[in-house]
Amino acid sequence: MQEKFLVLGINHGGHDTSAALMLDGKLVAACEQERYSRDKHSRKFPAEAAKDCLKQSGFTIGNVREIAFAFDPVYHIQEAYLKPALTDSWQINRIIGDAERIKDNFLVENVIREQTEFRGPIRYFNHHLCHLASAYFPSGFNEALLTSYDGIGEIESGMFAAGRDGRIEVLHKKNIFPDSLGLLYSAITFFLGWRHHCDEGIVMGLATYGDPDHQIPGDGRTYADVFEEIVQKRAMYSYHVNRDWIAFHRERDTWVSDQFHSVFGSKRDEQGEITQHHMDIAAAMQRRLEEIIVSQLRAVKRKTGLKHLCLSGGVALNCSLNGRIEKSGIFEEIFVQPASGDAGTAVGACYLSSADALSEIKPKAQHNFYLGAGVVDQEVDDALKMHSLSAEKPKNIYRVTAEKLADGEIIGWYQGRAEFGPRALGNRSILTRPYPAEMKDYLNKRVKFREAFRPFAPAILNDYLEEYFDIQQESPHMLIACQATKLAEGRIPATIHVDNSCRVQSVKEVNNQRFFRLLSAFFEITGCPVLLNTSFNVKGQPIVNCPDEAIQCFLDTNIDCLVIGDYMMAKD
């Protein structure tokens, strides 16, 4: 009997380090290191994530046939350092300054073996190719346009490909650093006072309060005018980031140029006031991002005729952009990889390795990304004892929880295995009823401890999706923003953003039975098929991963009731 092909995917060397495990082409586990080391967007080697992938799947490192690494270090060194230095003497200074980083990249195999104790073959795959594979194979689309937009891989900031019958044909890979939409968005995030490679979603939320057609104070141009100069359209696949406005290609941690400061002023302090000026900058960046990408997608669709789209890369976490694409009708359906950021490349590396070893691998719809850490009753019992707490086990946990939600209580909902990716999709969630509108403000101030303008997402029974939202497809991963209908405006106001948009999650029993049953119980009691769903954490912390962390978050915030599996505990 032929030995099964078990591959361990590793993403390491940048932010959002992760591990994934695949058996004969089926994804069986995927974990993010930040959930274990508790440092958001962790850069640490994903040793604990890899161990938990093996633990959750019942394997040991000795069962692994191959490690697939989601980065090609030799290609990176050649293209990012050696070749540029042949024609640009400044690049020699860069090589000298980055000598230790170059050395670490070149010797990464030593780190992999030391951290995993793996002695078998290690294969290295292109970063953006891993992004593309991570979206194509679980999309279920036999033929699709594949796109990856992010900050930077080895040297590329994006890639286009066609997926056909399980094969990926690269169409374009010449958007090269520093022509990067992802890094430009990070630069604006930094300028507006938040953390780059972390808080870009805050800028996306802020953008809805701005108007890019406002005139810049003291300047004759609008915000949109300037951002059209900063990011320029080129050929069908290409764009250009004007070097006069940026500094991230020359200096670390500077991000924008003196010219940018001369037009837009000083960087906002982290605790500084958020003004209309900041909102308009965010709005101009968001509009330009959407203009460039939608224009490219229209052109490529005309050229290829491909009717489906797979989105990946960190920029694909921008649900406003995804909503614009879905609304445009360019494609019959889109699939957004739920871990579109760099964490998802570990999954893509698994697919690429498995596709080479097992030629029959074809795209197959995979909407169940509950692939992280699980929990057993003993762990819950131990955590309760550690906190000197007791819990009950109601006969019908769904009905009792739904009654509390209907009464306006805030519920910490911890179930099964953790979601892979940054969105809580009903297993590591904080839930409330989606009304009244003030519920949003209470959650932001008393539970999440974050900016008041940030929105919350609705989770809805899939059968009622089109009654409440203007969207023409399922949205199981909370990554497509759409407009609320009049019915939704009246019934679920706490989940509707200032521009009438919602980052909706559609829930089917086949994807998450327990969350589906809770939503159904709430619907039976209230007649409303929607719950407000936000991630089980507070600002600046990763989503809770184990029962102890869930209990601590419950105790430290104004969450009224915590449900872990069938256990329930409530505050007096």
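**Exercise 1.** Is Cys546 buried, partly exposed or exposed, going by its relative accessibility?

*Solution.* Keep in mind that we're working with a predicted model. Buried would need a value under 20%, and exposed one over 50%. Cys546 comes out at 26% relative accessibility, so it counts as partly exposed.

Now try Cys350 the same way. Its relative accessibility is 0%, so Cys350 is buried.

**Exercise 2.** Work out how many disulfides the whole structure has, and why Cys350 and Cys546 don't form one.

*Solution.* Start with the cut-off: a disulfide needs two cysteine sulfur atoms within 2.5 Å. Next, take Cys350: the closest cysteine sulfur belongs to Cys53 and sits 8.1 Å away, which is too far for a bond. Then take Cys546: its closest cysteine sulfur is in Cys553, 12 Å off, so that pair is too far for a bond as well. Searching the whole structure gives a count of 0 disulfides.

**Exercise 3.** Describe how helix α12 (residues 276-304) and helix α13 (residues 319-328) cross, and say what kinds of residues make up their contact.

*Solution.* First, geometry. For two packed helices, you want the angle between the axes and the distance between them. Here the axes come within 10 Å and cross at roughly 40 degrees. That makes α12 oblique to α13, and the crossing is right-handed.

Second, the residues. On the α12 side, the contact includes Leu289, Ile293, Val294 and Leu297. Across from them, α13 contributes Ser320, Leu321, Arg324, Ile325 and Ser328. Sorted by class, the contact has 6 nonpolar, 3 polar and 4 charged residues.

Definitions and conventions
Residues numbered from 1 in each chain as written. Predicted model: local features only at pLDDT ≥ 70, side-chain atom pairs only at ≥ 80, totals over all residues. Heavy atoms only, no water. Buried < 20%, exposed > 50% of the residue type's maximum accessible area, 1.4 Å probe, protein only. Axes fitted to C-alpha atoms, helices over the stretch in contact; angles between N-to-C directions. Helix = DSSP H or I, 4+ residues; strand = E, 2+ residues; numbered from the N terminus. Parallel < 35°, antiparallel > 145°, perpendicular 65-115°, else oblique. Left-handed = near helix turned anticlockwise from the far one by under 90°. Contact = heavy atoms within 4.5 Å. Nonpolar A, V, L, I, M, F, W, Y, C, P; charged D, E, K, R; others polar.
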